[in-house]
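Reader: I would like to learn how to read a model of this kind, feature by feature. Could we go through it together, with the general idea first and the case at hand after it?

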Amino acid sequence: MKEIIDVGLPALKQPFSWAVKAPLHNTSTLFTAHGPVRPDGSINTGSVDEQARLTFANLRQAVHAAGGTMADVTQVLIYMTDVQDMATIDTVYREFFEPPYPNSSSAGAAALVVPGMKLEIVAYAMVPQSA
(Lines give C-alpha, C1' and ligand atoms only; values in the text may rest on other atoms or scores of the structure.)
Protein backbone atom coordinates (compact mmCIF):
# COMPACT_ATOMS: atom_id res chain seq x y z
CA MET A 1 0.00 0.00 0.00
CA LYS A 2 1.39 3.40 -0.92
CA GLU A 3 2.08 6.08 1.68
CA ILE A 4 2.05 9.80 0.90
CA ILE A 5 5.05 11.52 2.49
CA ASP A 6 4.66 15.06 3.85
CA VAL A 7 7.81 16.78 2.60
CA GLY A 8 6.90 20.22 3.90
CA LEU A 9 6.21 21.78 0.50
CA PRO A 10 2.82 23.32 -0.30
CA ALA A 11 0.13 21.46 -2.20
CA LEU A 12 0.00 22.26 -5.90
CA LYS A 13 -3.01 22.91 -8.10
CA GLN A 14 -2.22 19.74 -10.06
CA PRO A 15 -3.31 16.24 -8.92
CA PHE A 16 0.15 15.50 -7.56
CA SER A 17 1.89 14.17 -4.42
CA TRP A 18 5.43 15.37 -3.75
CA ALA A 19 6.57 11.95 -2.59
CA VAL A 20 5.01 8.50 -2.44
CA LYS A 21 6.53 5.53 -0.62
CA ALA A 22 5.68 1.92 -1.48
CA PRO A 23 6.87 -1.07 0.60
CA LEU A 24 9.13 -3.66 -0.99
CA HIS A 25 10.55 -6.46 1.20
CA ASN A 26 12.47 -4.80 4.09
CA THR A 27 12.67 -1.38 2.46
CA SER A 28 10.40 0.97 0.58
CA THR A 29 10.74 2.58 -2.81
CA LEU A 30 10.34 6.35 -2.76
CA PHE A 31 8.94 7.95 -5.90
CA THR A 32 9.38 11.72 -6.02
CA ALA A 33 9.58 14.61 -8.49
CA HIS A 34 10.90 18.13 -7.93
CA GLY A 35 11.53 21.46 -9.50
CA PRO A 36 12.69 24.83 -8.19
CA VAL A 37 9.70 25.29 -5.87
CA ARG A 38 10.15 27.62 -2.92
CA PRO A 39 8.57 26.84 0.48
CA ASP A 40 5.76 29.33 -0.27
CA GLY A 41 4.91 27.48 -3.51
CA SER A 42 6.35 30.06 -5.88
CA ILE A 43 8.78 28.96 -8.58
CA ASN A 44 12.35 30.20 -8.76
CA THR A 45 12.87 31.28 -12.38
CA GLY A 46 16.36 32.68 -11.80
CA SER A 47 19.66 31.24 -12.98
CA VAL A 48 20.00 27.53 -13.69
CA ASP A 49 22.41 27.05 -10.77
CA GLU A 50 19.88 28.64 -8.34
CA GLN A 51 17.10 26.48 -9.77
CA ALA A 52 19.20 23.32 -9.63
CA ARG A 53 20.31 23.98 -6.06
CA LEU A 54 16.69 24.51 -4.92
CA THR A 55 15.47 21.48 -6.89
CA PHE A 56 18.06 19.15 -5.34
CA ALA A 57 17.48 20.66 -1.90
CA ASN A 58 13.77 19.82 -2.33
CA LEU A 59 14.75 16.27 -3.28
CA ARG A 60 16.93 15.99 -0.16
CA GLN A 61 14.04 17.30 1.97
CA ALA A 62 11.71 14.64 0.52
CA VAL A 63 14.23 11.82 1.00
CA HIS A 64 14.85 12.88 4.62
CA ALA A 65 11.08 13.13 5.25
CA ALA A 66 10.79 9.51 4.06
CA GLY A 67 13.50 8.41 6.52
CA GLY A 68 16.37 8.18 4.04
CA THR A 69 19.49 9.99 2.96
CA MET A 70 20.76 11.10 -0.42
CA ALA A 71 22.90 7.94 -0.46
CA ASP A 72 19.59 6.02 -0.77
CA VAL A 73 18.71 7.67 -4.10
CA THR A 74 19.04 5.07 -6.85
CA GLN A 75 18.02 6.97 -9.97
CA VAL A 76 17.59 10.60 -11.03
CA LEU A 77 15.94 11.67 -14.29
CA ILE A 78 16.75 15.27 -15.23
CA TYR A 79 14.66 17.29 -17.69
CA MET A 80 16.08 20.64 -18.80
CA THR A 81 14.95 23.26 -21.28
CA ASP A 82 18.51 23.95 -22.52
CA VAL A 83 20.97 21.06 -22.81
CA GLN A 84 23.80 23.60 -22.59
CA ASP A 85 22.88 23.86 -18.86
CA MET A 86 23.99 20.26 -18.22
CA ALA A 87 27.50 21.23 -17.04
CA THR A 88 26.05 23.64 -14.46
CA ILE A 89 23.47 21.10 -13.34
CA ASP A 90 26.22 18.46 -12.99
CA THR A 91 28.25 20.83 -10.79
CA VAL A 92 25.29 21.35 -8.46
CA TYR A 93 24.46 17.61 -8.60
CA ARG A 94 27.90 16.88 -7.12
CA GLU A 95 27.07 19.14 -4.16
CA PHE A 96 24.23 16.79 -3.22
CA PHE A 97 25.59 13.36 -4.22
CA GLU A 98 28.83 11.51 -3.60
CA PRO A 99 30.21 8.43 -5.36
CA PRO A 100 28.85 5.93 -5.97
CA TYR A 101 26.39 8.18 -7.79
CA PRO A 102 22.80 7.20 -8.54
CA ASN A 103 21.94 6.04 -12.03
CA SER A 104 20.99 9.12 -14.01
CA SER A 105 19.47 10.13 -17.31
CA SER A 106 19.13 13.62 -18.75
CA ALA A 107 16.92 14.95 -21.51
CA GLY A 108 16.18 18.23 -23.18
CA ALA A 109 12.57 19.41 -23.17
CA ALA A 110 11.04 22.15 -25.30
CA ALA A 111 9.35 23.63 -22.23
CA LEU A 112 8.28 22.86 -18.68
CA VAL A 113 4.91 23.72 -17.11
CA VAL A 114 5.99 27.06 -15.61
CA PRO A 115 7.56 29.62 -17.98
CA GLY A 116 11.14 30.31 -16.90
CA MET A 117 11.52 26.96 -15.17
CA LYS A 118 14.77 25.47 -16.47
CA LEU A 119 14.76 21.98 -14.94
CA GLU A 120 12.67 19.33 -13.27
CA ILE A 121 13.74 15.98 -11.84
CA VAL A 122 12.19 12.63 -11.09
CA ALA A 123 13.99 10.48 -8.52
CA TYR A 124 13.70 7.05 -6.97
CA ALA A 125 15.21 5.95 -3.67
CA MET A 126 15.24 2.86 -1.48
CA VAL A 127 14.44 4.05 2.04
CA PRO A 128 13.52 2.35 5.35
CA GLN A 129 9.93 1.13 5.58
CA SER A 130 9.16 3.19 8.66
CA ALA A 131 10.35 6.80 8.85
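Reader: Let me begin with a proline: where does Pro100 lie relative to the helices and strands?

Author: Please keep in mind that this is a predicted model. Pro100 belongs to the loop that runs between α2 (86-96) and β5 (103-108). The peptide bond that leads from Pro99 to Pro100 is cis, with an omega near -5 degrees.

Reader: Which elements does the protein chain hold, from the N terminus on?

Author: To read a fold, one can list its elements in order and then turn to the overall dimensions. The protein chain has two helices and six strands, and from the N terminus these elements follow the order β-β-β-α-β-α-β-β. The radius of gyration is 14 Å, close to the 14 Å given by the globule rule for 131 residues, so the protein chain is as compact as a globular protein of that length. Along the principal axes, the C-alpha trace spans about 40 × 35 × 20 Å. Of the 131 residues, 39% are buried, and among the contacts with a separation of 6 or more, 69% are between residues 24 or more positions apart.

Reader: How should I judge a single side chain, and is His34 buried or exposed?

Author: Relative accessibility is the value to look at, and a residue counts as buried when it is under 20%. His34, which is found in strand β3 (residues 27-34), is buried because its relative accessibility is 1%. Leaving out residues up to four places away in sequence, His34 touches Leu9, Trp18, Thr55, Asn58, Leu59, Ala62, Glu120 and Ile121. The side chain of His34 also makes a polar contact of 2.6 Å with the side chain of Thr32.

Reader: What is the phi of His25, and where does this residue lie?

Author: His25 has a positive phi of about 55 degrees although it is not a glycine, and this residue lies in the loop between β2 (19-24) and β3. With a relative accessible area of 72%, His25 is exposed.

Reader: Which side chain has a polar atom 2.3 Å from the backbone oxygen of His25?

Author: That polar atom belongs to the side chain of Gln129, and it lies 2.3 Å from the backbone oxygen of His25. Gln129 is placed in the segment after β6 (119-128) and is partly exposed, with a relative accessible area of 36%. It is useful here to compare sequence with space: Gln129 and Leu24 are 105 residues apart in sequence, and their C-alpha atoms are 8.2 Å apart. Setting aside neighbours within four places in sequence, the residues in contact with Gln129 include Glu3, Lys21, Pro23, Leu24 and His25.

Reader: How does one find pockets, and what volume does the largest pocket have?

Author: Rolling a probe the size of a water molecule over the atoms shows where empty space is left. In this model, the largest pocket has a volume of about 350 Å³. Its lining has 15 residues, of which Leu12, Gln14, Val37, Ile43 and Val114 lie nearest the centre, and by class the lining divides into nine nonpolar, four polar and two charged residues.

Reader: Which residues line the second largest pocket?

Author: The second largest pocket, with about 150 Å³ of space, is lined by Met70, Ala71, Val73, Glu95, Phe96, Phe97, Glu98, Pro99, Pro100 and Pro102. This lining has eight nonpolar, no polar and two charged residues. We thus return to the proline of your opening question, since Pro100 is one of the residues that line this pocket.

Definitions and conventions
Residues are numbered from 1 along each chain as its sequence is written. This is a predicted model: local features need pLDDT of at least 70, side-chain atom pairs count only at pLDDT 80 or more; totals for chains, interfaces and linings use all residues. Side-chain values use heavy atoms; hydrogens and water are left out. Helices (H or I, at least four residues) and strands (E, at least two) are DSSP runs, numbered from the N terminus. Buried means under 20% relative accessible area, exposed over 50%, partly exposed in between (1.4 Å probe, protein chains only). Contact means heavy atoms within 4.5 Å. A polar contact is a pair of N or O atoms within 3.5 Å; within protein, one must be able to donate a hydrogen and the other to accept it, and residues adjacent in sequence count only if both atoms are side-chain atoms. On a 1 Å grid over the protein atoms alone, a cavity is a set of points where a 1.4 Å probe fits but cannot get out, and a pocket is an open set with protein on both sides within 12 Å along at least five of seven lines; lining residues have an atom within 4 Å of a point. Grid points are joined across faces, edges and corners, and a volume is the space filled by probe spheres set on the points. Ala, Val, Leu, Ile, Met, Phe, Trp, Tyr, Cys and Pro count as nonpolar, Asp, Glu, Lys and Arg as charged, and the others, Gly among them, as polar. The radius of gyration is taken over C-alpha atoms; the globule rule is 2.2 Å times the number of residues to the power 0.38.
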